[in-house]
Amino acid sequence: MQPQVIHSCFTAFKNTAPLVHNMTNDVAHNTVANILLAAGASPAMVHDLNEAPEFVKLAAALSLNIGTLTEPMLQSMLITAEIAHTRHIPWILDPVAVGATQFRQRACTELLKLKPDVIRGNASEILALAGMHSRTKGTDSGDSVERAKEAAQQLTQYAKVVVVTGAIDWVTDGSQSYSVDHGHPMMTQVTALGCALTALIGGFIGANTSKTEDNKSNNHLLLNAATTALCYYGQAGEIAATTATGPGSFYVNFLDALYNLDVDTLVENSRVTRS
């Protein structure tokens, strides 16, 4: 990816300070909110059917995460996502542990009909979401990113962009793809960092796309925005790990790294390749 593209996407995010409407899991609320704030976005946690469909109209983006899904939550998600889609408010789906139960599989099947702009999952989740065999371990992946690439390509019939996260993240819009080689193993030792990444990608796509019309020209913007978010998140993890002595100090350092990482450092150290 060209350095100027990363610079543009990151600057748009910082200048916009997008409001991200999060319908996320019970474990993740505090972490998602803290990470969005540290990055420079505005988090909102609005779930109930009585207000979520109304609130989403105010948001730059909607982030849906099925980690602790219930039937009432699913109904609220479906109606809220439909409104976001109708109003061209970009939304992102995080299909947590989709292959683990029939309920999760059914929920994601229904949500896919509402055309998420972006899907973000680990390799096992992407495989299961596409109806392929996966070696999921609860919320953890038992599959490689490489193995999930075909599934990700198939899922672009539903979403404009699909993100597969792992040791080296992979992002595709069906025609162009990028590998993002950033991050640190300690990021897997802190609960909800993956959920927060989904929300952050939501902020980046909200800040970098137009809601005036739903056309293919936005696909390229979505791809660039999602890739830049991964680059930013992974670099912050690398910075945090340099002085962390364990998961607790890493978490605090990570928030500080997100807060302090500047655009010139981000661009200079980026390891994003066309793949």
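**A walk through the predicted chain**

At 36% relative accessibility, Ala 17 is classed as partly exposed, because that value falls between the 20% limit for buried and the 50% limit for exposed. The model in which this residue sits is a predicted one. Ala 17 lies in the loop that joins α1 (3–16) to β1. Its phi is positive, about 50°, although Ala 17 is not a glycine.

A second residue of this kind is found further along the chain. His 88 belongs to the loop between α4 and β4, and its phi is near 60°, again a positive value in a residue other than glycine. With a relative accessible area of 28%, His 88 is partly exposed. A glycine with positive phi can be seen as well: Gly 40, which follows α2, has a phi near 110°.

These loops and turns belong to a protein chain with 11 helices and nine strands. What radius of gyration does the protein chain have, and what would a compact globule of 275 residues have? The chain has 17 Å and the globule would have a value near 19 Å, so the two agree. Along its principal axes, the C-alpha trace spans about 45 × 40 × 35 Å. Of the 275 residues, 56% count as buried. Among contacts with a separation of 6 or more, 71% are between residues 24 or more positions apart.

The outside of the chain can be described in similar terms. About 11000 Å² is exposed, and carbon and sulfur atoms supply 51% of that area. The protein chain carries 17 positive and 24 negative charges, and the mean positions of the two sets are 6 Å apart.

Two helices show how burial is distributed along the sequence. Helix α2 covers residues 29–39, and its buried residues are Thr 31, Val 32, Ala 33, Ile 35, Leu 36, Ala 38 and Ala 39. Helix α4 covers residues 71–86, which makes 16 residues. From its first C-alpha to its last, α4 reaches 23 Å, close to the 22 Å expected at 1.5 Å a residue.

Which residues of α4 are buried? They are Met 73, Leu 74, Ser 76, Met 77, Leu 78, Thr 80, Ala 81 and Ala 84. An α-helix has 3.6 residues a turn, so residues three or four places apart point the same way. The buried residues of α4 pack against several elements: the strands β1 (19–23), β3 (61–65) and β4 (91–94), and the helices α3 (52–55) and α5 (102–112).

How values were computed: Residues are numbered from 1 along each chain as its sequence is written. This is a predicted model: local features need pLDDT of at least 70, side-chain atom pairs count only at pLDDT 80 or more; totals for chains, interfaces and linings use all residues. Side-chain values use heavy atoms; hydrogens and water are left out. Helices (H or I, at least four residues) and strands (E, at least two) are DSSP runs, numbered from the N terminus. The radius of gyration is taken over C-alpha atoms; the globule rule is 2.2 Å times the number of residues to the power 0.38. Buried means under 20% relative accessible area, exposed over 50%, partly exposed in between (1.4 Å probe, protein chains only). Contact means heavy atoms within 4.5 Å. Accessible areas come from the Shrake-Rupley method with a 1.4 Å probe; for residues, only the protein chains shown count as cover. Lys and Arg count as positive and Asp and Glu as negative; His and the chain ends are not counted. The place of a charge is taken as NZ of Lys, CZ of Arg, CG of Asp or CD of Glu. The expected span of a helix is 1.5 Å times one less than its number of residues.
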